[in-house]
Amino acid sequence: MVAVQVATRGRGAADCAERHVAEVVKRAWSSAWSSAPTSSNYAQTSATAALQGRGSVKLYTYYRSQASFRVRIALNLKGLAHDDTFLHLEKGDQFAAEYKALNPQMVVPTLIDGDVKLFQSLAILEYLDEKYPEPPLLPADAAARAWVRGLALIT
Ligand SMILES: N[C@@H](CCC(=O)N[C@@H](CS)C(=O)NCC(=O)O)C(=O)O
């Protein structure tokens, strides 16, 4: 695994799209793919989940948000319908009083599932995996699970 320097984050709206972050993630993925454990057939199980017609969740997101990407990927993998609200972070939509009431940290993502209102992408992923376990986000093997968690913690 490549050594990853965690980028110091400011409050700039374009943080998540910075080129050096993209480069670090690219290097980490290419390293990971060469030695990562194999996983089950996600595509097939995800399609099955979509056919099960699960209810819809609401996601507040932004197209350049790395933290939001991972939630969108998990929702799609699990075949969960999601009604997306796109905030334009560079225009400051996240600071609107209406959004601040939902997410006092004023960042994306925020996930609403019925009466449940959640923030922080990794906490959202864990919630989705616990509430909608099929297909699982993590492989069965302990080492493989640690590997995937490590990848998810790269920012
Ligand atoms: N650790 C948080 C990070 C959330 C975060 O920083 N989101 C960025 C987009 S990736 C954001 O909304 N930034 C708005 C701002 O900095 O004003 C998570 O994983 O959800």
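**Backbone features in the loops**

Pro109 sits in the loop that runs between α4 (97–102) and β3 (110–113). This is a predicted model, so here is a friendly tour of a few backbone spots to look up on screen. They come in two kinds: cis peptide bonds ahead of Pro109 and Pro135, and positive phi values at Met106 and Gln120.

**Cis peptide bonds**

- Start with Pro109: the bond leading from Val108 to Pro109 is cis, and its omega is near 5°.
- Next comes Pro135, which is joined to Glu134 by a cis peptide bond. Omega for the Glu134 to Pro135 bond is about -10°.
- To find Pro135, look in the loop between α5 (121–131) and α6 (142–152).

**Positive phi at residues that are not glycine**

- Met106 is not a glycine, yet its phi is positive, at about 60°.
- Met106 belongs to the loop between α4 and β3, and Pro109 is placed in the loop between α4 and β3 as well.
- Is Met106 buried or exposed? Met106 counts as buried because its relative accessible area is 19%, and the cut-off for buried is under 20%.
- Gln120 is not a glycine either, and has a positive phi of about 70°.
- You will find Gln120 in the loop that links β4 (116–119) and α5.
- How accessible is Gln120? Its relative accessible area is 42%, so Gln120 is partly exposed.

How values were computed: Residues numbered from 1 in each chain as written. Predicted model: local features only at pLDDT ≥ 70, side-chain atom pairs only at ≥ 80, totals over all residues. Heavy atoms only, no water. Helix = DSSP H or I, 4+ residues; strand = E, 2+ residues; numbered from the N terminus. Buried < 20%, exposed > 50% of the residue type's maximum accessible area, 1.4 Å probe, protein only.
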